[in-house]
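Open the model in your viewer and keep the selection panel at hand. The stops below go from a whole chain down to single residues.

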Amino acid sequence: MTTLRIKDVFKRYPNGAEAVKGVSVDVEDGELVVFVGPSGCGKSTMLRMVAGLESVTEGEIELAGRVVNDLEPAERNIAMVFQNYALYPHMSVRKNLAYGLKNRGTPQAEIDRKVDEAAKLLQIGEFLDRKPSQLSGGQRQRVAMGRAIVRDPAIFLFDEPLSNLDAKLRNQMRLEIKKLQRSLGTAAIYVTHDQVEAMTLADRIVVLNNGLIEQVGKPHEVYSQPASTFVASFIGAPPMNLLDATLSDGRIEIGGQSFAVQQTQKAGPIKLGLRPERLQVASGGEGFRVEVGVLEDLGATRLIHARLGDQDLTIAQDSELPEPSSEALITFRHDDAHFFDASSGRRI
Amino acid sequence: MEKAQFQSRWMPYLLLAPQMVIIAIFFIWPAAEAIRASFFLEDPFFGNSTFVGLQNYTDALSASDYKRTAWFTVVFTVLVSLLSLALGMMLAVSADRVLRGQSTYKTLLMWVYAIAPPVAGLIGVMLFDQHIGPLVDFAAMFGWHLQIGVDYWDTGFAMIVVSTWKQVPYCFIFFLSGLQSIPTSVKEASAIDCQSETRRFWTITFPLLAPTTFFLLILNITYAMFETFGTIDQIVKDQPGNSPVTLVYKVFRDGFRGNDIGGSSAQSVILMIFVLLLTIVQFRLIERRIHYT
């Protein structure tokens with residue numbers, strides 16, 4: 001069953017600015033969908049339209065079988081976790097959790113039961129009588145999640161919930177959010193600009209750019225079959241190398257060098273996409289000769305920043321590094337080469 | 001915080017000196033003088049004074065017009081403080097919600113604050129004038145014949161209206177900035193948690209404005225008791241005797257119009273003690289219950 005159906009949604013502001021330009025996505029029951037994209041791509045606007053905090057200019061949002069376009073946020077059966085937690089500073093943790101239930105006329109006994117249940121689940125039981133200002137960032141984040149859980153909503157909406165936490169806590173909370181969402185079985189939309197969060201959390205990723213969907217797919221699909229140069233450069237770290245090249249008769253030519261590829265349908269200028277981690281420094285075979293520049297040792301992997309003709313290329317590998325300023329031979333497997341249209345940037 | 005040390009140990013005192021001098025000249029010296037004078041009976045013509053002990057105090061406190069003035073001061077202060085708070089908050093909440101032309105509304109609501117109290121008093125006198133005052137005509141439409149300067153309560157009513165009008169913009173400015181300091185996401189979270197806007201106001205906005213409200217309450221009480229002097233003076237100075245005044249105005253009138261320096265000093269010492277107690281009570285009792293973010 002489908003929990004949320006977003007159909008041809010547009011968002012135009014009174015000043016004429018268009019934040020969302022026709023987006024359609026479905027969120028299935030229990031599914032965690034991540035909206036990812038750079039700032040200004042419309043991902044937060046999408047989420048806020050689902051929440052009812054922004055009006056929908058055009059299109060339809062259907063939650064659990066009913067169109068919610070004209071419903072108030074409180075009538076939509078959603079729960080949202082905000083970037084800066086948005087806890088009520090004057091209420092204790094317990095009251096923060098209970099507030100939404102109380103306003104819906106839930107009996108006190110049931111409120112107490114739900115609050116205690118959520119507190120236990122999130123291990124915030126000992127903080128229930130404290131004020132938010134007495135909690136650490138991670139604890140506040142838990143309270144914010146608790147506030148969403150007690151509502152037992154049709155869908156969770158996460159608006160970059162981890163971006164205010166430090167790196168270590170972020171990794172830990174990321175895992176917890178995933179476990180929690182799985183065990184509750186509630187559908188969720190998670191908005192982030194962090195591709196690592198997107199890759200690790202998502203059942204499906206929606207990559208947004210400039211108010212439009214670039215690609216929808218499972219994390220691995222988005223990584224291995226990027227639909228456009230935008231997706232290719234956005235998902236994966238370090239980003240995919242995108243090289244200007246020319247294709248003709250099954251041979252590809254870059255900066256005066258050429259070799260055979262399995263791509264014969266198209267001829268002319270293209271963009272060749274190569275993931276840094278799929279390139280190897282080889283001692284022989286067919287490949288590109290590059291000029292080795294700066295080397296970066298990250299511990300687990302080592303990055304070689306090289307130049308191929310007048311274009312930059314990054315290679316990630318874990319074996320021995322070549323000498324700086326030397327020449328190296330770079331090889332890759334045929335199915336690791338991605339071809340994109342030079343003008344539209346779409347995958348060929 | 002880093003601790004800075006001055007080269008010379010006299011430097012801090014030198015830097016404090018201007019403020020200390022101002023406090024000494026304009027507060028400590030007159031206050032000491034008032035306390036001294038309150039124990040003497042001053043001769044208005046030759047400057048001779050006779051020590052009378054606490055007689056000025058007992059006279060002041062037992063006089064029936066003192067009790068009447070004190071009672072009016074309480075009513076006046078409570079009404080002016082609370083009405084300014086309520087109206088200021090109401091206007092701020094409305095202005096905060098306006099999307100178009102917000103700055104115009106804000107300016108229109110704030111400019112009254114720029115008027116000096118005597119000028120406000122003058123405008124008030126004009127608005128309540130027996131012959132040309134539009135407010136008198138307005139009240140007459142409901143069968144209420146306002147007689148400023150003649151009827152005790154009508155005059156009091158005019159004073160409260162004019163004083164409140166003067167203080168509302170001040171409250172408005174503070175409430176508006178208080179409202180705008182509530183994070184948008186908290187307002188949005190409450191919109192998701194609570195459907196009723198009225199309920200949201202009383203459970204989220206109002207408690208978060210509490211520090212502002214408390215601050216303004218103290219300022220309003222001080223304003224109503226002391227700073228309304230100019231306004232009151234404009235309304236009552238040319239009128240016959242039966243007009244309500246506040247204790248501060250009575251101090252002025254008894255001292256400088258009635259030439260009873262001793263009695264007037266005793267009254268101002270009583271006021272001083274009252275303000276001291278009021279301050280202690282306010283900070284001890286009320287501040288404890290207020291959440292500061």
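Two residues are taken to be in contact, or to touch, if their C-beta atoms, placed from the backbone, lie within 7 Å. The model is predicted.

**Chain A as a whole.** Select chain A and colour by secondary structure: 8 helices and 20 strands appear. Along the principal axes, the C-alpha atoms of chain A fill a box of roughly 75 × 45 × 35 Å. Of the 348 residues of chain A, 39% count as buried. Taking the contacts in chain A with a separation of 6 or more, 64% join residues 24 or more positions apart.

**Confidence.** Recolour by pLDDT. The average for chain A is 90, and 99% of the residues score at least 70. Among the elements of chain A, select residues 257–260, strand β13, for the lowest mean pLDDT, 81. Then select residues 32–36, strand β3, where the mean is the highest, 96.

**The largest core.** Stay with V34(A), which is among the residues with the most contacts inside the largest nonpolar core, a set of 135 residues. V50(A), I155(A), L157(A) and I189(A) are the others named for the most contacts there. Helix α7 of chain B, residues 152–180, gives the most to this core, with 11 residues. From chain A, domain 1 (2–234) and domain 2 (241–341) each supply at least three residues to this core. Another core, of 6 residues, lies apart from it; A60(B), I261(B), A266(B) and V269(B) are among its members.

Which residues does V34(A) touch, not counting residues up to four places away in sequence? Show Y190(A), T192(A), A198(A), L201(A), A202(A), I205(A) and V206(A).

**The contact between chains.** Now show both chains: 17 residues of chain A are in contact with 16 residues of chain B. On the chain A side, β6 (78–81) and α2 (93–103) each supply at least two residues. The largest share of that side comes from α2(A), with 3 residues. By class, the side of chain A that touches chain B has 11 nonpolar, 4 polar and 2 charged residues.

**F82(A).** Last, select F82(A), in the loop between β6 and α2 of chain A. Is F82(A) buried or exposed? F82(A) counts as buried because 23 other C-beta atoms lie within 10 Å, and the cut-off is 20 or more. Not counting residues up to four places away in sequence, F82(A) touches A144(A) and D159(A), as well as S185(B) and A189(B). Draw a C-alpha to C-alpha distance from F82(A) to A144(A): 7.7 Å in space, with the two positions 62 residues apart in sequence numbering.

Notes
Residues are numbered from 1 along each chain as its sequence is written. Chains are lettered from A and ligands numbered from 1 in the order in which they are written. This is a predicted model: local features need pLDDT of at least 70, side-chain atom pairs count only at pLDDT 80 or more; totals for chains, interfaces and linings use all residues. Helices (H or I, at least four residues) and strands (E, at least two) are DSSP runs, numbered from the N terminus. Ala, Val, Leu, Ile, Met, Phe, Trp, Tyr, Cys and Pro count as nonpolar, Asp, Glu, Lys and Arg as charged, and the others, Gly among them, as polar. pLDDT is the predictor's confidence in each residue, from 0 to 100. A nonpolar core is a set of buried Ala, Val, Leu, Ile, Met, Phe, Trp, Tyr and Cys residues joined through C-beta atoms within 7 Å. A residue is buried if 20 or more other C-beta atoms lie within 10 Å of its own, exposed if 12 or fewer, and partly exposed in between; C-beta atoms are placed from the backbone. Domain bounds come from an automatic or database domain assignment.
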